[in-house]
Amino acid sequence: MNYVFPLPPAVSIPVHGTEQRFPVRRIYCVGRNYVEHAKEMGFTGREPPFFFMKPADAIVYVPHGETGSIRYPLGTSSLHHEIEMVVAIGKGGEKIAAADAAAHVFGYAVGLDMTRRDLQGEAKKAGRPWEIGKGFDQSAPIGPIHPVSKTGWMEEGEISLLVNGKLTQQSTIDKLIWNVAETIEHLSSYWALAPGDLIFSGTPEGVAAVVRGDLMVGSVSGLGELKVKVA
Ligand code: MN
């Protein structure tokens, strides 16, 4: 092919316990999907799920046992952490019923939906899109994908985040307002899902700002730890 410049590298994430990689197509994120987080953001937590996206190249892959690094992003003075369980889609489809959703899930990972909270807040106030607050470079650190064949269907388990050894976020997956199956049903009634799509399922309460030098250690039961330093 005679491209005018080299093709950008394909984004992919290793599949834990295998030599294979999961190619990433799109990153969907669910907003306010835990009641206590919705409340801390000033909402009641009683609304249908809503979605935003990040570019696939916002992924920063961090292997288990290693500490990844993200640059403090441009244009913000309030970089927030949001620890999330990430769902990896292995089979596409549209209008997928919740009862059929399990067949579309390839696996799960631990991810961070890093957020420029000040810019997101300004966008919300002005009724503008959220991309500037959510879809920036290196805004999606993530660990390896654990196949559902190993983890089983994820409906419970702890989710937590420590910053510099101090617990900031702690909840359980069963507190998702819209569980994984319901999220897939809603999402796929607006977009045709395809293999390679990731869904950041939402963050529990306790979101807060990090600064340069901070070390975040996130985990979800059965999916290992995600360690990321803000450089
Ligand atoms: Mn989030």
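I'll start with a cavity. By class, the residues lining the largest cavity are four nonpolar, six polar and seven charged. That makes a lining of 17 residues, and Gly 31, Arg 32, His 37, Glu 82 and Lys 134 are the ones that lie nearest the centre. Before going on, I should say that this is a predicted model.

How many cavities of 30 Å³ or more does a search of the whole structure find? It finds one. Its volume is about 100 Å³. As for how such spaces are found, rolling a probe the size of a water molecule over the atoms shows where empty space is left.

Two elements give two or more residues to the lining of the largest cavity, namely strand 3 and helix 2, which covers 117-125. Helix 2 supplies the largest share, with three residues.

Let me take strand 3 next. Strand 3 spans residues 27-31, and because five of its five residues are buried, the strand is largely enclosed by the rest of the structure. Ile 27, Cys 29 and Gly 31 point one way, Tyr 28 and Val 30 point the other way, and all are buried.

What does strand 3 pair with? With strand 4, residues 50-54, it runs antiparallel, and five bridges join the two. One of the bridge partners here is Phe 50 in strand 4, which is matched with Gly 31. With strand 15, residues 198-200, strand 3 pairs in the parallel sense over three bridges. There, Ile 27 has Leu 198 as its bridge partner.

After strand 3 comes a loop that leads to helix 1 (35-40), and Arg 32 lies in that loop. I named Arg 32 earlier among the residues nearest the centre of the largest cavity. Arg 32 counts as buried, because its relative accessibility is 13% and the cut-off for buried is under 20%. Its phi is near 40°, a positive value in a residue other than glycine. For background, most residues other than glycine have a negative phi.

Gln 138 is another case: its phi is positive, about 60°, and it is not a glycine. Gln 138 sits in the loop between helix 3 (131-134) and strand 11 (140-142). Is Gln 138 buried, partly exposed or exposed? With a relative accessible area of 30%, it is partly exposed.

Now the metal. Which residues are the protein donors of the manganese ion? They are Glu 82 and Glu 84, each through OE, and Asp 113 through OD, at 2.0 to 2.1 Å from the ion. Along the chain, the donors follow the spacing E-x1-E-x28-D. Glu 82 is in the loop between strand 7 (79-81) and strand 8 (83-89), while Asp 113 is in the loop between strand 9 (105-112) and strand 10 (115-116), so this pair ties together parts that are 31 residues apart in sequence.

Glu 82 counts as buried at 4% relative accessibility. Asp 113 is buried too, with a relative accessible area of 0%. Glu 82 also links back to where I began, being one of the residues nearest the centre of the largest cavity.

Last, a sheet. Three strands form an open sheet in the order 10-7-16, with antiparallel pairing. Strand 10 and strand 16 (208-210) are the edge strands, each pairing on one side only. Strand 7 and strand 16 are joined by three bridges. Within that pairing, His 80 stands opposite Ala 209 of strand 16.

How values were computed:
Residues numbered from 1 in each chain as written. Predicted model: local features only at pLDDT ≥ 70, side-chain atom pairs only at ≥ 80, totals over all residues. Heavy atoms only, no water. Donors = N, O, S within 2.8 Å, 3.2 Å for Na, K, Ca; no water. Helix = DSSP H or I, 4+ residues; strand = E, 2+ residues; numbered from the N terminus. Buried < 20%, exposed > 50% of the residue type's maximum accessible area, 1.4 Å probe, protein only. Pairing = 2+ DSSP bridges. 1 Å grid on protein atoms, 1.4 Å probe; cavity = no way out; pocket = protein on both sides within 12 Å on 5 of 7 lines; lining within 4 Å. Points joined across faces, edges and corners; volume = space filled by probe spheres on them. Nonpolar A, V, L, I, M, F, W, Y, C, P; charged D, E, K, R; others polar.
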